[in-house]
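Reader: I would like to learn how the words used for a structure follow from the numbers behind them. Could we go through some cases one at a time?

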Amino acid sequence: MWYHKPVINEGLLQSLPNLKIVATSGVGIDHLDLKLLSRYGVKVSNTPFAVSTDTADFGMALMLASSRRLVEVCQMAASPNTEYFPADWLGVEVSGATLGIVGMGTIGYKVAERAKAFEMKILYHNRNQRNKEEESAVGATYCKKIDDLLQQSDFVLLSVSLTPQTHKLIGKRELELMKPTATLINISRGLVVDQDALVEALQNKVIKAAALDVTHPEPLPRDHPLLKMKNVIITPHIGSATKKTRHVMMENMTESIEAGLRGLPIPNEVL
């Protein structure tokens with residue numbers, strides 16, 4: 001499967017009685033009905049490790065672009081109506097700021113490694129606390145309650161899988177806990193955020209800005225209010241979109257398919 005295609009449903013499974021494995025690109029498996037696949041004896045694999053480095057890089061890129069208002073200044077510099085560059089065009093500092101990472105899996109931890117180089121104070125919320133050595137290596141502090149992270153962070157970065165527990169994890173209440181100067185960055189899935197609540201929070205200056213590599217749906221309707229906001233950066237779900245990584249993803253999928261067909265242990269099998 002590439003970009004969630006083809007759609008795997010019961011009709012397709014019934015038409016493919018010899019199907020042994022579905023290999024899907026990327027980390028997320030929210031587009032698959034694992035119970036249905038298991039009922040048909042079909043195994044599943046993904047490519048979680050291939051995408052982690054590039055996605056972490058992109059999370060940092062979104063944070064830097066949003067903090068320095070990069071899209072706005074590019075448009076201003078290129079505009080035929082620009083006669084001078086205003087001296088009061090100011091962004092906000094990343095170095096020394098507090099970054100709250102929601103979801104400290106492989107990608108989240110790699111973001112923390114990069115943020116450490118910017119001398120950021122790093123907080124994280126996760127289902128399970130990392131061990132002390134891992135925390136110490138990036139200077140991260142565990143927040144058992146997400147509320148504590150939201151209240152303290154200048155930047156909140158979402159890097160969680162989409163599950164029933166994380167569906168609309170960030171809603172009106174959570175946004176109101178954030179600083180009015182804070183920026184929300186989402187590199188996970190669009191449905192992790194209540195988009196209507198986010199629009200309202202941005203319009204009412206409950207938070208300062210948002211940088212989103214994911215939305216729901218993708219792409220957004222062309223008249224969606226998020227597309228018209230200067231304090232919002234939206235990219236087309238390209239966290240892993242580099243030539244090398246996409247090649248490695250395809251290699252990983254091929255290896256899993258070959259192993260599944262031969263009855264061997266499947267690399268990156270989703271259990």
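Author: Pro217 is a place to begin: this residue is found in the loop between E8 and E9. Keep in mind that this is a predicted model.

Reader: What kind of peptide bond joins His216 and Pro217, and how do you know?

Author: The bond between His216 and Pro217 is cis, with omega about 0°. Another cis peptide bond joins Lys5 and Pro6, again with omega about 0°. Pro6 is found in the segment before helix H1 (10-15). Most peptide bonds are trans.

Reader: What makes the phi of Lys168 worth a remark?

Author: Phi of Lys168 is near 55°, a positive value in a residue other than glycine. Most residues other than glycine have a negative phi. Lys168 lies in the loop between strand E6 (155-158) and H8.

Reader: Why is Lys168 called partly exposed?

Author: Its relative accessibility is 41%. Buried means under 20% and exposed means over 50%, with partly exposed in between. Lys168 therefore counts as partly exposed.

Reader: Where is Asn268, and what is its phi near?

Author: Asn268 sits in the segment after H10. Its phi is near 60°, a positive value in a residue other than glycine. At 25% relative accessibility, Asn268 is called partly exposed, because buried requires a value under 20%.

Reader: Why does Asn46 count as buried?

Author: Asn46 has 9% relative accessibility, and the limit for buried is under 20%, so Asn46 counts as buried. Asn46 is found in the loop between strand E2 (43-45) and helix H3 (48-67).

Reader: Which residues does Asn46 touch, leaving out those up to four places away in sequence?

Author: Asn46 touches Thr24, Gly26, Val27, Ile29, Asn268 and Val270. With Val27 there is also a short distance to report: a polar atom of the Asn46 side chain lies 3.0 Å from the backbone oxygen of Val27.

Reader: What makes that pair of Asn46 and Val27 a polar contact?

Author: The distance is 3.0 Å, and a polar contact asks for N or O atoms within 3.5 Å, one able to donate a hydrogen and the other to accept it.

Reader: Is Asp33 buried, exposed or partly exposed, and how do you know?

Author: Asp33 has a relative accessible area of 41%. Partly exposed is what falls between the limits of 20% and 50%, so Asp33 is partly exposed. Asp33 lies in the loop between strand E1 (21-23) and helix H2 (34-39). The side chain of Asp33 reaches the backbone nitrogen of Leu36 at 3.0 Å. Asp33 and Glu10 are 23 residues apart in sequence, and their C-alpha atoms are 9.6 Å apart in space.

Reader: How do you know that H3 and H10 are roughly antiparallel?

Author: The axes of H3 and helix H10 (residues 243-262) come within 8 Å and cross at roughly 165°. Angles over 145 degrees count as roughly antiparallel, and H3 and H10 are therefore described that way. The crossing of H3 past H10 is left-handed. The contact is made by Ala50, Val51 and Asp54 of H3 and by Thr245, Val248, Met249 and Asn252 of H10. By class, these are 4 nonpolar, 2 polar and 1 charged residues.

Reader: Why are H3 and H5 called oblique instead?

Author: The axes of H3 and helix H5 (residues 106-117) come within 8 Å and cross at roughly 45°. Roughly parallel needs an angle under 35 degrees, and roughly perpendicular runs from 65 to 115. An angle of roughly 45° fits neither class, so H3 and H5 are oblique to each other. Their crossing is right-handed. On the H3 side, the contact residues include Phe49, Val51, Ser52 and Met60, and on the H5 side Ile107, Lys110 and Arg114 are among them. The residues of this contact divide into 7 nonpolar, 4 polar and 3 charged.

Reader: Which residues of H9 are buried, and what covers them?

Author: The buried residues of helix H9 (residues 195-203) are Gln195, Ala197, Leu198, Val199, Ala201 and Leu202. Their cover includes helix H8 (172-177) and the strands E7 (183-186), E8 (209-212) and E9 (232-234). At the start of H9, a side-chain oxygen of Asp194 reaches to within 3.2 Å of the backbone nitrogen of Asp196. After H9 comes Lys205, whose phi is positive, near 60°.

Methods. Residues are numbered from 1 along each chain as its sequence is written. This is a predicted model: local features need pLDDT of at least 70, side-chain atom pairs count only at pLDDT 80 or more; totals for chains, interfaces and linings use all residues. Side-chain values use heavy atoms; hydrogens and water are left out. Helices (H or I, at least four residues) and strands (E, at least two) are DSSP runs, numbered from the N terminus. Buried means under 20% relative accessible area, exposed over 50%, partly exposed in between (1.4 Å probe, protein chains only). Contact means heavy atoms within 4.5 Å. Axes are lines fitted to C-alpha atoms, for helices over the stretch in contact, and angles run from 0 to 180 degrees between N-to-C directions. A crossing is left-handed if the near helix is turned anticlockwise from the far one by less than a right angle, and right-handed if clockwise. Ala, Val, Leu, Ile, Met, Phe, Trp, Tyr, Cys and Pro count as nonpolar, Asp, Glu, Lys and Arg as charged, and the others, Gly among them, as polar.
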